[in-house]
Structures are given as structure tokens and as C-alpha cells.
Amino acid sequence: QVRLVESGGGLVQAGGSLRLSCAVSGAFGSISRMAWYRQPPGKQRDLVALITATGNTNLADSVKGRFSISRDNAKVYLQMNSLKPEDTAVYYCKVEAFDLRTQRFANAWGQGTLVTVSS
């Protein structure tokens, strides 16, 4: 079973920075795509940033120029700069990894970490 553990959320003032981390553990082989999603209060969960196995990245228009995504072995990071109140949300990491137990690629989600940006 593939498990994800997120960290790095918290309360920050507008204009500040935070770095989210997500660590993959469990019985897995190769890792394909890694991504961050966010879900503001009362709204749907949307993709924020994605990074492929080869390092190609894709960012939502709302965070381009402020956020960046990176990966290092079995970890994925989201660097968030120039934070705005509208960035307030629960942030989730999602990883596509080869599950050694099922012998298939599967998506795994983290438990979510709350980011609150005060004005």
C-alpha cells in the first residue's frame, strides 16, 4: 500500500511564503506523476501544480509566477511565495505510483494540510 504524509501547512500573512512537503512510503516501485491540489472552504478540489517523472511541470494560471513544484526521489514539494488570502485552502498531494502489492499503477492521496493566508 502506498501512503503519503504531508507537512508544512500553517498560518501566514499575505505576501509570505510556505513550503509544503509530501513523502511517499509503503511498498511501491516507480513513481510517475506527482501533484498538488487544493480545496478552498466550500469549493471543489482543483489542481495547483503537477510534475512528471521527467521533471516537466504544469501550474495553474492562478499560481504561475508565485508557486513552484519540485520532486526529489520519493518526495514532492510545493514552494509557495507571495501568498494571497485566496490561496487559503486545504492542500493535498497526489502521487501516481506502482503499487507492489497490486502490481499496478495507482493514485494515492495525502491527508491534506491546511494553509491559511491572512490579509
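**Entry 1: a charge over rings**

I take a charge to sit over a ring if NZ of Lys or CZ of Arg is within 6 Å of the ring centre and within 35 degrees of the ring normal. With that in hand I looked up Arg-45, which lies over the face of Tyr-92 at 3.6 Å from the ring centre. I then turned to Trp-109, and noted that the charged end of Arg-45 also sits over this ring, 4.7 Å from its centre. I remind myself that I am reading a predicted model.

**Entry 2: aromatic pairs**

Having found Tyr-92 and Trp-109 under Arg-45, I asked which rings are linked into a cluster with them, and the ring pairs turned out to join Tyr-37, Tyr-92 and Trp-109. For the structure I counted three aromatic pairs. One of them is formed by Phe-98 and Phe-105, with 5.4 Å from centre to centre and 70° between the planes, an arrangement I entered as edge-to-face. I checked the accessibility of both rings: Phe-98 counts as partly exposed at 22% relative accessibility, and Phe-105 counts as partly exposed at 44%.

**Entry 3: salt bridges**

Side chains of opposite charge can pair when their charged atoms come close. I searched for such pairs and arrived at a count of four salt bridges.

I began with Arg-38, which forms a salt bridge with Asp-87, the closest N and O atoms being 2.9 Å apart. I placed Arg-38 in strand S4 (residues 28–39) and Asp-87 in the loop between strand S8 (75–80) and strand S9 (89–99), so this pair ties together parts that are 49 residues apart in sequence.

Next I looked at Arg-66, whose side chain meets that of Asp-87 in a salt bridge of 2.7 Å, N to O. This pair, too, links distant parts of the chain, since Arg-66 lies in the loop between strand S6 (57–59) and strand S7 (67–72), while Asp-87 lies in the loop between S8 and S9, 21 residues apart. I therefore wrote down Arg-38, Arg-66 and Asp-87 as linked in a network of salt bridges.

Are the members of this network buried or exposed? I found that Arg-38 counts as buried at 12% relative accessibility, that Arg-66 counts as buried at 10%, and that Asp-87 counts as buried at 1%.

I also noted the salt bridge of Asp-61 with Lys-64, where the closest N and O atoms are 3.1 Å apart. Here Asp-61 counts as exposed at 64% relative accessibility, whereas Lys-64 is partly exposed, with a relative accessible area of 49%.

**Entry 4: the disulfide**

How many disulfides are there? I counted one, and it joins Cys-22 to Cys-93 with an S to S distance of 2.0 Å. The link of Cys-22 and Cys-93 is right-handed, with 50° about the S-S bond. I placed Cys-22 in strand S3 (residues 18–26) and Cys-93 in strand S9, so the pair ties together parts that are 71 residues apart in sequence. Both Cys-22 and Cys-93 are buried.

**Entry 5: the sheet that holds S3**

Strands of a sheet pair through backbone hydrogen bonds, either parallel or antiparallel. Following strand S3 from the disulfide, I came to an open sheet of four strands in the order S1-S3-S8-S7, with antiparallel pairing. Strand S1 (2–7) and S7 stand at the edges, each with a single partner strand, so one side of each is left without a neighbour in the sheet. On average, and with direction ignored, neighbouring strands of this sheet are turned by 15° against each other. I looked more carefully at S7 and S8, which run antiparallel and are joined by six bridges; the bridge partner of Ser-68 in S8 is Gln-79.

**Entry 6: strand S11 and its partners**

Lastly I looked up strand S11 (residues 113–118), along which the side chains alternate: Thr-113, Val-115 and Val-117 point to one face and are buried, while Leu-114, Thr-116 and Ser-118 point to the other and are not. Which strand pairs with S11 in the parallel sense? I found strand S2 (residues 10–13), which does so over four bridges, with Leu-11 standing opposite Thr-116 in S11. S9 and S11, by contrast, run antiparallel and are joined by three bridges, and there I noted Thr-113 in S11 as the bridge partner of Tyr-91.

Technical notes:
Residues numbered from 1 in each chain as written. Predicted model: local features only at pLDDT ≥ 70, side-chain atom pairs only at ≥ 80, totals over all residues. Heavy atoms only, no water. Helix = DSSP H or I, 4+ residues; strand = E, 2+ residues; numbered from the N terminus. Buried < 20%, exposed > 50% of the residue type's maximum accessible area, 1.4 Å probe, protein only. Pairing = 2+ DSSP bridges. Disulfide = S-S within 2.5 Å. Phe/Tyr/Trp six-rings, centres within 6.5 Å; stacked < 30°, edge-to-face > 60°. Axes fitted to C-alpha atoms, helices over the stretch in contact; angles between N-to-C directions.
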